[in-house]
Amino acid sequence: MSNLDDSKSLADLVSQNKKSKVRKVILSDSDDDLPLAMINTQASETSLSSEDEKAKQVKKRTKKESGGLPNKKAKTAVSKTEPKTKVKKETTKTAVKAVKAIKATKATKATKPTVKAAKHIQKIKDESKEQTAEPKDTSEEKEEEEENRWWEDEDMNGEIKWDSLVHNGVIFPPPYEPLPSNVKLIYDGKPVTLPIEAEEVAGFFGAMLETDHAKNPVFQKNFFHDFLKVLEEAGGCKDADIKDFDLCDFSDMYAYFEKKREEKKSISPAEKKLIKKEKDEAEEKFKTCYLNGRKEPVGNFRIEPPGLFRGRGAHPKTGKLKKRVMPEEIVLNLSADAPVPPPPEGRNWAEVRHDNKVAWLAMWRENISNSVKYVRFGNSSSLKGISDFKKFEKARELKNHVAAIRADYNKKLKSELMLERQMAVATYLIDVFALRAGGEKSDEEADTVGCCSLRFEHVFLKPPNVVVFDFLGKDSIRFYQEVEVDKQVFKNLKIFKKPPKQPGHDLFDRLDPSILNKHFQNYMPGLTAKVFRTYNASKTMQDQLDLIPNEGTVNEKVVRFNAANREVAILCNHQRTVSKNHETGVAKMNDKIKEMIWQRIRAKKMLLKLDAKLKKKDPAYFQEIDDLSKEDEGALQKQFLERETERITKKFAKDNEKLKLENEAVLPESELKERLEKVKELQKEFSKELSSGKPEVKANMTVEKLQALIEKLNVRITNATLQLKDKEDNSSVALGTSKMNYIDPRLTVMFSKKYDVPIEKLFTKTLREKFKWAIESADANWRF
DNA sequence: TCCACGACTTAGGACGCTTGAT
DNA sequence: ATCAAGCGTCCTAAGTCGTGGA
């Protein structure tokens with residue numbers, strides 16, 4: 001919540017009449033079992049505060065709580081101390097055991113990284129001196145051999161991230177290419193020439209003209225503001241005094257960029273391949289780096305190009321100009337004795353750093369929110385792998401504590417301390433509904449929330465115990481759930497919403513993620529809110545996989561795996577926007593299914609024409625014939641004929657285009673007419689069929705042939721129906737995020753091995769690389 | 001002591017390419 | 001062979017969380 005809103009609403013709240021009412025309400029409202037002690041604390045806090053203090057009240061509450069109740073606090077702290085240390089010892093032991101167990105399964109090898117690294121740097125230096133940076137075949141093979149199999153023997157503790165780091169720096173986006181002189185911004189009806197710096201910015205907008213962004217007023221405003229600034233700094237526009245966005249016409253620019261896009265798309269595949277190959281070769285040396293002497297992938301080695309900031313949701317800064325990043329703004333991080341990659345000709349790096357406690361190769365500060373962007377290791381790098389492994393091990397460790405944690409928060413739902421109750425409810429929500437921690441956000445960002453930042457208006461209570469959550473979470477993705485909750489949770493939420501709370505106020509006014517996480521440390525070292533998401537996601541996956549019978553085809557098993565994956569994605573609220581053509585796609589599939597059913601009915605009619613006795617034998621089989629009304633049949637016929645006409649016309653147009661391209665004579669219109677004759681014949685046949693109710697049967701048709709046809713249609717109909725259901729179910733759920741970040745990959749590997757499904761069906765190439773450690777260390781019996 | 005900020009993970013959309021239906 | 005649908009990858013925004021410096 002923004003401070004501004006907060007103080008405003010709190011100030012409102014203080015207006016005299018309200019204040020006394022508020023107090024009365026609190027004191028008289030005793031329909032729940034709220035202990036008196038708590039009521040008093042709450043009431044006195046409210047009435048004691050002066051107006052000025054009120055504005056700061058929310059922030060200070062935590063302090064008051066600890067200061068005001070020293071005894072209770074101390075007591076809790078003491079009682080926690082003993083189990084805490086015990087827990088710590090135990091978990092460290094398990095973690096070590098886990099690592100050792102993995103180590104034990106594989107033979108160890110590898111020379112000491114430091115020694116190897118030193119040697120390697122020397123080698124690199126020699127190579128760069130000789131200017132033959134390309135590694136020879138033999139050395140490349142050797143690198144392959146020396147790939148870091150950290151999961152077998154690496155010591156993964158300690159804060160040092162690397163002993164040596166050698167890399168080639170970053171790739172800068174190409175410089176701005178000015179527009180051709182006939183492509184101009186039209187201002188107030190006249191083409192105007194812009195200084196090149198301003199033209200670039202205008203072009204950013206022009207290229208996006210048809211996107212939703214460009215139609216967003218905030219985006220327009222921010223863009224135009226920054227555009228005018230650039231324009232002014234570049235000396236202004238000599239042809240016009242540009243100051244009104246509505247007088248700007250970017251359509252020429254848009255058309256130009258569209259044309260370029262088309263051109264790019266239409267180059268031949270062979271040429272495309274060649275271009276790609278050349279690009280790959282030029283970028284080759286940036287794609288990898290040497291970490292402790294071993295070749296490792298670099299992730300985003302390309303510096304982000306300038307453009308207009310595409311903030312998500314209602315981002316107040318969306319549309320602002322993202323400036324071009326200069327070498328002078330870039331800090332490199334590598335070994336002290338590693339060669340420094342040369343900056344672009346005549347330019348300099350901001351700084352060259354040698355910090356081995358961090359896992360980034362370069363960084364710069366972006367100008368939208370003044371935060372830092374990093375060039376980091378690739379997802380399949382050892383460092384990323386190690387932290388992934390640690391993440392999942394931590395989540396697995398939670399298994400051993402979750403029962404105690406749940407017991408504890410269930411108990412504390414009735415605590416006499418407001419803080420404890422809030423923590424208990426928050427923990428419940430994080431555990432049960434997989435909410436994120438929910439840190440405070442400034443009003444320079446989109447208004448999104450997580451658990452701790454939930455506000456009054458995000459939670460609706462429907463007695464006796466139904467809660468409707470409706471808020472925007474990360475990436476402004478809507479979280480909407482109508483759920484039954486624990487009775488005590490419901491009561492507590494009601495208390496948290498009690499006046500003087502009103503829309504705009506924090507539900508958990510005593511909490512923020514750091515308080516909550518500090519509390520979590522008492523249960524288990526390293527436990528934070530996000531661990532619950534990982535734990536519950538992987539636990540859900542394990543449970544879902546346990547339900548899958550080991551039978552059927554590989555594809556059937558994959559479908560079931562994806563269904564399990566989908567459960568996890570739903571738990572985590574991972575959504576994707578329903579694609580623009582989803583609706584039409586579904587309608588098309590429905591039409592197709594209806595049409596296939598119609599074809600089946602026709603076949604069955606033909607069957608009866610050949611042998612009328614069949615109906616007596618199996619009336620149910622022929623039932624659907626009577627289910628189809630004449631109107632429906634007519635509609636289907638029409639639909640079918642229209643589609644045929646369209647198909648033929650399109651084909652004709654296409655054929656002609658091809659002929660034109662090859663400089664050959666175009667087919668005459670009469671040809672099209674001739675081709676469409678078929679449709680006309682069909683139409684005649686259909687109308688006859690419609691009135692008689694009986695289709696014509698071709699002379700060579702037999703009962704067997706028709707039955708085979710019907711069987712084929714049956715299969716196609718079932719498949720299409722299943723496919724449609726899958727499409728509907730999946731239309732707004734994104735499976736990838738949970739597969740990539742939440743589901744312990746060893747579960748997927750276990751499934752692959754136990755159910756004999758090739759891992760390629762479950763992990764894409766990149767995921768196989770990212771999760772190599774899991775693929776090589778989990779077996780068919782592995783459990784989360 | 002605290003909170004702004006640095007460093008890291010998690011996230012959905014854009015876009016090009018593959019694939020599978022016809 | 002064709003072509004759209006959907007998949008995979010890239011891109012970078014948007015979270016979480018711990019800590020270093022005022």
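Me: Why is S476 called buried in this predicted model?
Reply: S476 has a relative accessible area of 18%, and buried means under 20% relative accessible area, so S476 is counted as buried. In the predicted model, S476 lies in the loop between β14 and β15 (478-484).

Me: What makes the phi of S476 worth a remark?
Reply: The phi of S476 is near 60°, which is a positive value in a residue other than glycine. Most residues other than glycine have a negative phi.

Me: Why does D188 count as partly exposed?
Reply: The relative accessibility of D188 is 47%, and partly exposed covers what falls between under 20% and over 50%, so D188 is placed in that class. D188 sits in the loop between β2 (185-187) and β3 (190-192), and its phi, near 50°, is positive although D188 is a residue other than glycine.

Me: How do you know that the peptide bond between P463 and P464 is cis?
Reply: The omega of the bond that joins P463 and P464 is about 5°, and the bond is assigned as cis. P464 is found in the loop between β13 (459-462) and β14 (466-472). A cis peptide bond also joins P499 and P500, with omega about 15°, and P500 belongs to the loop between α16 (487-496) and α17 (513-523). Most peptide bonds are trans.

Me: What makes a residue part of the surface near DNA strand B, and how many residues surround the strand?
Reply: A residue is near the strand if one of its heavy atoms lies within 4 Å of it, and 30 residues surround DNA strand B, the closest being R376, K391, K474, T577 and Y742. Of the atoms of DNA strand B that come within 4 Å of the protein, sugar and phosphate account for 82%. The residues of this surface divide into 7 nonpolar, 7 polar and 16 charged, and the elements that each supply at least two of its residues are β11 (360-365), β12 (372-376), α14 (382-412), α18 (529-546) and α26 (736-741).

Me: Why is the pair formed by K161 and a phosphate oxygen of DNA strand B called a polar contact?
Reply: A polar side-chain atom of K161 lies 2.8 Å from a phosphate oxygen of DNA strand B, and a polar contact is a pair of N or O atoms within 3.5 Å, so the pair meets the cut-off. For Y374, a side-chain N or O atom is 2.7 Å from a phosphate oxygen of the strand, and for R436 the corresponding distance is 2.8 Å.

Me: How do you know that β11 and β12 pair, and in which sense do they run?
Reply: Two strands pair if at least two bridges are found between them, and 5 bridges join β11 to β12, which run antiparallel. Across this pairing M363 stands opposite Y374 in β12. The two strands form a hairpin with 6 residues between them, and N370 in the turn has a positive phi of about 60°. β11 is also joined by 2 bridges to strand β9 (residues 331-333), again antiparallel, with A362 in β11 as the bridge partner of L332.

Me: What makes β11 mostly covered?
Reply: Of the 6 residues of β11, 5 are buried.

Me: Why are β1 (165-166) and β6 (294-297) called edge strands?
Reply: The open sheet of 3 strands has the order β1-β5-β6 with antiparallel pairing, and β1 and β6 each pair on one side only. Helix α13 (residues 269-287) packs on the sheet, touching β5 and β6, and its direction makes about 20° with that of β5.

Note on methods: Residues are numbered from 1 along each chain as its sequence is written. Chains are lettered from A and ligands numbered from 1 in the order in which they are written. This is a predicted model: local features need pLDDT of at least 70, side-chain atom pairs count only at pLDDT 80 or more; totals for chains, interfaces and linings use all residues. Side-chain values use heavy atoms; hydrogens and water are left out. Helices (H or I, at least four residues) and strands (E, at least two) are DSSP runs, numbered from the N terminus. Buried means under 20% relative accessible area, exposed over 50%, partly exposed in between (1.4 Å probe, protein chains only). A polar contact is a pair of N or O atoms within 3.5 Å; within protein, one must be able to donate a hydrogen and the other to accept it, and residues adjacent in sequence count only if both atoms are side-chain atoms. Ala, Val, Leu, Ile, Met, Phe, Trp, Tyr, Cys and Pro count as nonpolar, Asp, Glu, Lys and Arg as charged, and the others, Gly among them, as polar. Contact means heavy atoms within 4.5 Å. Axes are lines fitted to C-alpha atoms, for helices over the stretch in contact, and angles run from 0 to 180 degrees between N-to-C directions.
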